[in-house]
Structures are given as C-alpha cells and as structure tokens.
Amino acid sequence: MSIVFVPKGQRGKAKITQETIQQLLDENDQLVRCITEYMQKGRAVECVQYQQILHRNIVYLATIADASPNTEPSIFSSKATSDEVSSTTTVNGPLDGS
C-alpha cells in the first residue's frame, strides 16, 4: 500500500521528512516501471490501479511543495556556474517574462 494513504483521523498530523519524500519518489519510480511493463504486455486494465496510486502520490508531493516555506522556485542547481546561467537565460529568454 502506498505510504501516502493515511486514514482520515490522522491526516495533517504526519511529519513530512526528506526520508518520506524520498520514499514517495522511489515508490513513484517503481510504479512507473510497473505501468510501463504492464502496458508493454498489453495489460492496460492492470495499469489503472497503479496509475491511480501514482496520481495520488504526485498530487500529495505537489501539495507538500506548495505548502513549503521555500516559495521561490530554483530553476538552476546550486552547482550551476554563472556562464551556464547566462547561456540558459540567453537561450530561453529573460526569467522575468519580459
């Protein structure tokens, strides 16, 4: 069973840690692999339950991200050099949308 499933009485009381988020990401990876395998075998009906769990996990992760106090998105890794940043800005246009 997915670690996202929490009985209604306990919702909002769970502490979200990096470990929990990593478990969800690992679970999502496994779900995608299962879905792909079933699709390749022509067993689309079995995929539906895994797709529903994957959807629930992704929505849960998005909810965590939206509630995160770090609201400024970082599109560059902390290891990006100033040259990489300027070339990305040049290729994609200014970051402020103008």
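**Reading a helical pair in a predicted model**

User: How should relative accessibility be read for C47: does this residue count as buried or exposed?

Analyst: A residue is called buried when its relative accessible area is under 20%. C47 has a relative accessibility of 1%, and therefore counts as buried. The model is a predicted one, and this value is computed from it. C47 is placed in helix α2.

User: Which residues does C47 touch, once residues up to four places away in sequence are not counted?

Analyst: With those residues set aside, C47 touches I35, Y38 and M39. These three residues appear among the α1 positions that meet α2, and C47 itself is listed on the α2 side of that contact. A distance between C-alpha atoms gives another view of this region: C47 and T36 are 11 residues apart in sequence and 8.3 Å apart in space.

User: What does the secondary structure of the protein chain come to, and in what order do the elements run?

Analyst: The protein chain has 3 helices and 0 strands. Read from the N terminus, the order of its elements is α-α-α.

User: At what angle do α1 and α2 pack, and how far apart are their axes?

Analyst: Helix α1 spans residues 18-40 and helix α2 spans residues 44-67. They pack at an angle of about 155°, and their axes are 9 Å apart. Angles over 145 degrees are classed as roughly antiparallel, so α1 is roughly antiparallel to α2. The handedness is a separate descriptor: the crossing of α1 and α2 is left-handed.

User: Which residues form the contact, and how many of them are nonpolar, polar or charged?

Analyst: On the α1 side, the contributors are I21, L24, L25, E27, N28, L31, V32, I35, Y38 and M39. On the α2 side, they are A44, E46, C47, Y50, Q51, I53, L54, N57, I58, Y60, L61 and I64. Sorted by class, the contact holds 17 nonpolar, 3 polar and 2 charged residues.

User: Which residues make up the largest nonpolar core, and which helix gives the most to this core?

Analyst: A nonpolar core groups buried residues that are joined through side-chain atoms. The largest one here has 5 residues, namely L31, I35, Y38, C47 and L54. Helices α1 and α2 each supply at least two residues of this core, with α1 giving the most, 3 residues. C47, introduced above, is thus one of the members of this core.

User: Beyond the core, does N28 count as buried or exposed, and what does N28 touch?

Analyst: N28 is placed in helix α1. Its relative accessibility is 9%, so N28 counts as buried. Leaving out residues up to four places away in sequence, N28 touches L54, N57, I58 and L61. Those four residues are listed among the α2 positions in the contact with α1, and L54 is also a member of the largest nonpolar core.

User: Where does I64 lie, and what is I64 in contact with outside its neighbours within four places in sequence?

Analyst: I64 lies in helix α2. Because its relative accessibility is 16%, I64 counts as buried. Apart from those neighbours, I64 is in contact with I16 and I21. I64 and I16 are 48 residues apart in sequence, yet 8.3 Å apart in space from C-alpha to C-alpha.

User: How much of the protein chain counts as buried, and what share of the contacts joins residues at least 24 apart?

Analyst: Of its 98 residues, 14% count as buried. Among contacts between residues at least 6 apart in sequence, 53% join residues at least 24 apart.

Conventions. Residues are numbered from 1 along each chain as its sequence is written. This is a predicted model: local features need pLDDT of at least 70, side-chain atom pairs count only at pLDDT 80 or more; totals for chains, interfaces and linings use all residues. Side-chain values use heavy atoms; hydrogens and water are left out. Axes are lines fitted to C-alpha atoms, for helices over the stretch in contact, and angles run from 0 to 180 degrees between N-to-C directions. Angles under 35 degrees count as roughly parallel, over 145 as roughly antiparallel, 65 to 115 as roughly perpendicular and the rest as oblique. A crossing is left-handed if the near helix is turned anticlockwise from the far one by less than a right angle, and right-handed if clockwise. Contact means heavy atoms within 4.5 Å. Ala, Val, Leu, Ile, Met, Phe, Trp, Tyr, Cys and Pro count as nonpolar, Asp, Glu, Lys and Arg as charged, and the others, Gly among them, as polar. A nonpolar core is a set of buried Ala, Val, Leu, Ile, Met, Phe, Trp, Tyr and Cys residues joined through side-chain atoms within 4.5 Å. Buried means under 20% relative accessible area, exposed over 50%, partly exposed in between (1.4 Å probe, protein chains only).
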